[in-house]
Amino acid sequence: KIGEVRSYGLMIGVDVGEKALDLRDVAQGKGLLLNITAGTVLRLLPALILTQGDVELFLELLGASLEEV
């Protein structure tokens, strides 16, 4: 379950709840590295050279990971 979403420029924090570390582990198994802060917050800090293809791949892998958790 996704809770609060906060942002400041391109830095985004998504509260993914108590299973954040499980989400991180599942995503890592799919080749996606996630930065979890404060135990429940997924921190997104994309590079300025981010492409549409990068975003689509990220969303695909994150969605698949969320379904497993």
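This is a dialogue between a visitor and a guide on how to read some features of a predicted model.

Visitor: Before we begin, what kind of model is this, and how are residues numbered?

Guide: It is a predicted model, in which local features need pLDDT of at least 70 and side-chain atom pairs count only at pLDDT 80 or more, while totals for chains, interfaces and linings use all residues. Residues are numbered from 1 along each chain as its sequence is written, and side-chain values use heavy atoms, with hydrogens and water left out.

Visitor: Is S65 buried or exposed, and in which helix does S65 lie?

Guide: Buried means under 20% relative accessible area, exposed means over 50%, and partly exposed is in between, with a 1.4 Å probe and protein chains only. S65 has a relative accessible area of 0% and is therefore buried. Helices (H or I, at least four residues) and strands (E, at least two) are DSSP runs numbered from the N terminus, and S65 belongs to helix α2, residues 52-68.

Visitor: With which residues is S65 in contact, leaving aside its neighbours within four places in sequence?

Guide: Contact means heavy atoms within 4.5 Å, and with those neighbours left aside S65 is in contact with L23, V26, A27 and K30.

Visitor: K30 has a charged side chain to consider; with which residue does K30 meet in a salt bridge?

Guide: Side chains of opposite charge can pair when their charged atoms come close. A salt bridge here is a side-chain nitrogen of Lys or Arg within 4 Å of a carboxyl oxygen of Asp or Glu, and K30 meets E68 in this way at 2.6 Å, N to O. The pair links distant parts of the chain, since K30 is in the loop between α1 (20-29) and β3 (35-37) whereas E68 is in helix α2, 38 residues apart. K30 counts as partly exposed because its relative accessibility is 32%, while E68, at 52%, counts as exposed.

Visitor: How many salt bridges does the rule give, and which residue pairs with E4?

Guide: The count comes to 3 salt bridges. E4 forms one with R6, the closest N and O atoms being 3.2 Å apart; E4 is partly exposed, with a relative accessible area of 47%, and R6 is partly exposed at 36%. R24 forms a salt bridge with D25, where the closest N and O atoms are 3.3 Å apart, and here R24 is partly exposed at 29% while D25 is partly exposed at 42%.

Visitor: How should I read a pocket, and what is the volume of the largest pocket?

Guide: Rolling a probe the size of a water molecule over the atoms shows where empty space is left. On a 1 Å grid over the protein atoms alone, a pocket is an open set of points where a 1.4 Å probe fits, with protein on both sides within 12 Å along at least five of seven lines, and lining residues have an atom within 4 Å of a point. Grid points are joined across faces, edges and corners, and a volume is the space filled by probe spheres set on the points; the largest pocket has a volume of about 470 Å³.

Visitor: Which residues lie nearest the centre of the largest pocket, and which element gives the most to its lining?

Guide: The largest pocket is lined by 22 residues, of which L44, L45, P46, L50 and F58 lie nearest its centre. The elements that give two or more residues to this lining are β2 (11-15), β4 (41-44) and α2, and α2 gives the most, with 6 residues.

Visitor: Where is A38, and what is notable in its phi?

Guide: Most residues other than glycine have a negative phi, and most peptide bonds are trans. A38, placed in the loop between β3 and β4, has a phi near 55 degrees, a positive value in a residue other than glycine. A38 counts as exposed because its relative accessibility is 76%.

Visitor: T40 lies in the loop between β3 and β4; with which residues is T40 in contact, leaving aside its neighbours within four places in sequence?

Guide: T40 is in contact with V14, D15, V16, G17, E18 and A20 once those neighbours are left aside. The C-alpha atoms of T40 and E18 are separated by 5.7 Å, although the two residues are 22 residues apart along the chain. T40 is partly exposed, with a relative accessible area of 23%.
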